[in-house]
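Please open the structure in your viewer and keep the selection tool at hand, since this tour moves from one selection to the next and says what is to be found at each stop.

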Amino acid sequence: MLFKKITLCAAFLLTSSLAFAELTVIVNPSNTNDLDAKKVQRLFLGKDKKFPDGSEVLAVNLTADSSTRNNFDEKILGRNSSQVSAYWSKLVFTGKGIPPKEVSSDAEVIDLVSKNPSVIGYVDSSSLIDGVKVIKL
Amino acid sequence: MKKLLLASAIAAACGPGFVSADIRINGFANLTAGFTTSENVDGAGNTTDLFGYDDNVDFSNGSLFAIQISGDVNEKVTATAQLLARGENDYEADFEWAYLTYSVNDNFSVNAGRLRLPLFRYSASSDVGYSFHWAQTPFSVYDVPFTNLDGLRLDYTNNIGDWDYTLQLGSGTYTSEIGGGVADGEDVLLITAEATYESFKARLVYGQSNTTFTEPTTDAAFAQLAQISPVLADKIALRDDSGTFTGLGLEYDNFTWFVSGEITKVTGGESFSADDNAYFVTMGTRIGKFTPSITYEARDGVEDLKFLEDIAALPAQFQPAATQIVVGFQNFFYEDYALTTVGLRYDLDSQVALKFDVSSYENKIQDALDATLVRIAVNYVF
């Protein structure tokens, strides 16, 4: 009985943490562009290659095994990670686009964003975000 | 310096898709097993195949392995080569594509070399099984003898508000092996316009070329006919004849469900080749990792017999021989069929998909050739 209660509790915690996993889109502090969810989507789908001020964009993704990435794909790109992958497979093999570079941790995303004004990335909101600017979507 | 460090840092951190920041290696593979549920025997008692499949399980027809390498020559120029080995060609690797892209700016690029003709919605990725929901693209529409272009293609992409559009202009030549012969296209000109608005996509294509088809049996028969009537032989042969391609595609895909279709018309000018009208309509839904779908496709390549008046104008003693050749060849190349496919795609992960398709084939010329085709495929991209 007690065991049952614990598993139930654990299950609840697990689902609630999934449900509350929030995303934060980040850019370099020197980036003054006004970005909304639609613009972020266009940048990560390679539809726009420059920020509104005309400067170069280097979008950085988390690897497909990351739950933050899955969350980003669903919420911002509006499709699941397999569909995003199918989308890029159409462009890559036409030479029409190169998918965003992938890194495996939030820390790497933050590091890249803090060092380069062109980089845009996203991390789990619980990650410590120092030296970067948060984009409110 | 900082940029260089970042580039190498990113390259080092990246997955297997990136060897260095300058050279990109991607690849894809399809392993397709297919068979018909019964032997295909035509009215004359000959055993035949259905799109390369028969009642023995075949692993090669729809299978292929490919590697694509692209590298930045400089800031403006990219070189791309795709080495592809098809099971139907005993996995002999060939350069499917090899071209240079000159990016004039973010919107406009010029491509030169051997590249894919943008005829269909899935032209560019028709070999990349992972990019669509079927085991293979619909035969009736996609099975044409001209898929690649040796020449130039201009690509222009831009947007007006939420409308994204792409214009492509292709020009050059093509060569392809078909039906034991060779089809050559000269003076190819193709224009494609595609527009996307949220879940909706539409495309229009128009192309033309001067086409020549050579094949030993055909050539010998037409040479024979030329002895009776050089004019008629020239008419029936597909020799430097002006052919056209017209296509329209529509798609609605909101990622939960989709419906799309393409309709095409191929004309072969003044020759034995009848005009082909083909279309498909497909719809499906995505439920987690599963994508069940249903597709109906048809090709109608039958028209009234041509050149009968030319035969009637010949001296009576030559008419039987001329009829045999002129009518025989037109009949031989007639096609009229439909396929209904029920399919299921399963996304194993973001690089691997499994497919299971069952198709009911209806031959409208010979009922005896009706068949059921089963295909199971594994698609991989990296």
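The tour visits chain A and its core, then chain B as a whole, and then some single residues of chain B.

**Before you start**

This is a predicted model, in which local features need pLDDT of at least 70 and side-chain atom pairs count only at pLDDT 80 or more, while totals for chains, interfaces and linings use all residues. Residues are numbered from 1 along each chain as its sequence is written, chains are lettered from A and ligands numbered from 1 in the order in which they are written, and side-chain values use heavy atoms, with hydrogens and water left out.

**Stop 1: chain A**

Select chain A and colour it by secondary structure, where you will find five helices and five strands; helices (H or I, at least four residues) and strands (E, at least two) are DSSP runs, numbered from the N terminus. Following the chain from the N terminus, you meet these elements in the order α-β-α-β-α-α-β-α-β-β. Of its 137 residues, 50% count as buried, where buried means under 20% relative accessible area, exposed means over 50%, and partly exposed lies in between (1.4 Å probe, protein chains only).

Now switch on the surface: chain A exposes about 6,900 Å², and carbon and sulfur atoms supply 61% of that area, as given by the Shrake-Rupley method with a 1.4 Å probe, with only the protein chains shown counting as cover for residues.

**Stop 2: the largest core**

Which residues have the most contacts inside the largest nonpolar core? Select Leu35(A), Val40(A), Phe44(A), Phe72(A), Val109(A) and Ile120(A), which hold that place in a core of 32 residues. A nonpolar core is a set of buried Ala, Val, Leu, Ile, Met, Phe, Trp, Tyr and Cys residues joined through side-chain atoms within 4.5 Å. At least two residues of this core come from each of strand S1 (23-27), helix H2 (37-44), strand S2 (58-62), helix H4 (81-92), helix H5 (106-115) and strand S4 (119-124) of chain A.

Keep Val109(A) selected and show what surrounds it: setting aside neighbours within four places in sequence, Val109(A) is in contact with Ile26(A), Val60(A), Leu62(A), Val103(A), Gly121(A), Tyr122(A) and Val123(A), a contact being heavy atoms within 4.5 Å. Apart from the largest core lies another, of 22 residues, among them Leu119(B), Phe132(B), Trp134(B) and Phe146(B).

**Stop 3: chain B as a whole**

Select chain B, which has six helices and 16 strands, and whose C-alpha atoms fill a box of roughly 85 × 45 × 40 Å along the principal axes. Buried residues make up 46% of its 382 residues. Its accessible surface comes to about 18,100 Å², of which 59% belongs to carbon and sulfur atoms.

**Stop 4: Asp187(B) and Ile191(B) in strand S8**

Go to strand S8 (residues 181-197) of chain B, where you will find Ile191(B), and select Asp187(B), which is found in strand S8 as well. Is Asp187(B) buried or exposed? Its relative accessible area is 55%, so Asp187(B) is exposed. Most residues other than glycine have a negative phi, but Asp187(B) has a positive phi of about 50° although it is not a glycine.

Ile191(B) counts as partly exposed, at 46% relative accessibility. Not counting residues up to four places away in sequence, Ile191(B) touches Gln168(B), Leu169(B), Leu204(B), Val205(B) and Tyr206(B). If you draw a distance from its C-alpha atom to that of Thr246(B), 55 residues apart along the chain, the value is 9.8 Å.

**Stop 5: Phe255(B) in a loop**

Next, select Phe255(B), which lies in the loop between strand S10 (241-253) and strand S11 (257-267) of chain B. Phe255(B) is partly exposed, with a relative accessible area of 24%, and its phi is near 75°, a positive value in a residue other than glycine.

**Stop 6: Asp336(B)**

Finally, select Asp336(B) in strand S14 (residues 335-347) of chain B; with a relative accessible area of 18%, Asp336(B) is buried. Leaving aside neighbours within four places in sequence, Asp336(B) is in contact with Arg299(B), Asp300(B), Val302(B), Glu362(B), Asn363(B), Lys364(B) and Ile365(B). Of these, take Glu362(B): Asp336(B) and Glu362(B) are 26 residues apart in sequence and 8.7 Å apart in space, C-alpha to C-alpha.
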